[in-house]
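Hi,

Here is the structure I said I would pass on. Have a look at it first, and then read my notes underneath.

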Amino acid sequence: MRGLLARRMKFHLLGAFVVSVGSAALYKFGVAEPRKQAYADFYRNYDPMKDFEAMKAAGVLESAPVK
């Protein structure tokens, strides 16, 4: 029984490190990178004036009444 805690601690610390690095990598490549790419694709050809005119025509904006 001597050294049982130390042996188990090494195993669990290594396991916790591997799981945390794996989770971080999965989040980065599974969530963060696709999200950044989606934003980049959206703003690559986004025209704010066209969007403003569409919202204005729909009557969404109170400060810019429809003519």
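I'll start with the charged pairs: searching the whole structure turns up three salt bridges. Keep in mind that this is a predicted model.

Two of these pairs involve Glu33. Lys28 makes a salt bridge with Glu33, with 2.8 Å between the closest N and O atoms. Lys36 bridges to Glu33 as well, and there the closest N and O atoms are 3.3 Å apart. Lys36 and Glu33 sit about one helical turn from each other because they are three residues apart in helix H1. As for how open these side chains are, Lys28 is partly exposed because its relative accessibility is 38%, and Glu33 is partly exposed too, at 28%. Lys36 has a relative accessible area of 52%, so it counts as exposed.

The other pair is Asp41 with Arg44, whose side chains meet in a salt bridge at 2.8 Å, N to O. Both residues belong to helix H1 and are three residues apart, about one turn of the helix. Asp41 comes out as partly exposed, with a relative accessible area of 35%, while Arg44 is exposed at 60%. Going back to the Glu33 pairs, shared partners link Lys28, Glu33 and Lys36 into one network of salt bridges.

Which charged residue is buried yet has no salt bridge? That would be Lys56, which is found in helix H2, residues 48–58. In general, side chains of opposite charge can pair when their charged atoms come close. For Lys56, the nearest side chain of opposite charge is Glu53, at 4.4 Å. The cut-off for a salt bridge is within 4 Å between a side-chain nitrogen of Lys or Arg and a carboxyl oxygen of Asp or Glu, so the pair is not counted. If you set aside neighbours within four places in sequence, Lys56 is in contact with Leu61, Ala64, Pro65 and Val66.

Now the overall picture. The protein chain has two helices and zero strands. Its radius of gyration is 26 Å, whereas a compact globule of 67 residues would be near 11 Å. Along the principal axes, the C-alpha atoms fill a box of roughly 85 × 25 × 10 Å. Just to put one distance on that, the C-alpha atoms of Ala32 and Met1 are 46 Å apart, with their positions 31 residues apart along the chain. Ala32 is in helix H1, and it counts as partly exposed because its relative accessibility is 24%.

How much of the chain counts as buried? The figure is 3% of the 67 residues. The accessible surface is about 6300 Å², and carbon and sulfur atoms account for 67% of that.

One more item on the surface: Leu14, Phe17, Val18 and Val21 make a nonpolar patch of about 400 Å². Leu14, one of the four, lies in helix H1, which runs over residues 4–44. Leu14 is classed as exposed because its relative accessibility is 55%.

If you only have a minute, I'd look at the Lys28, Glu33 and Lys36 network, then at buried Lys56 without a salt bridge, and then at the nonpolar patch around Leu14.

Cheers

How values were computed
Residues are numbered from 1 along each chain as its sequence is written. This is a predicted model: local features need pLDDT of at least 70, side-chain atom pairs count only at pLDDT 80 or more; totals for chains, interfaces and linings use all residues. Side-chain values use heavy atoms; hydrogens and water are left out. Patches are made of residues with over 30% relative accessible area and no salt bridge: like charges are joined within 9 Å, nonpolar side chains (Val, Leu, Ile, Met, Phe, Trp, Tyr) within 5 Å. Accessible areas come from the Shrake-Rupley method with a 1.4 Å probe; for residues, only the protein chains shown count as cover. Buried means under 20% relative accessible area, exposed over 50%, partly exposed in between (1.4 Å probe, protein chains only). Lys and Arg count as positive and Asp and Glu as negative; His and the chain ends are not counted. Contact means heavy atoms within 4.5 Å. The radius of gyration is taken over C-alpha atoms; the globule rule is 2.2 Å times the number of residues to the power 0.38.
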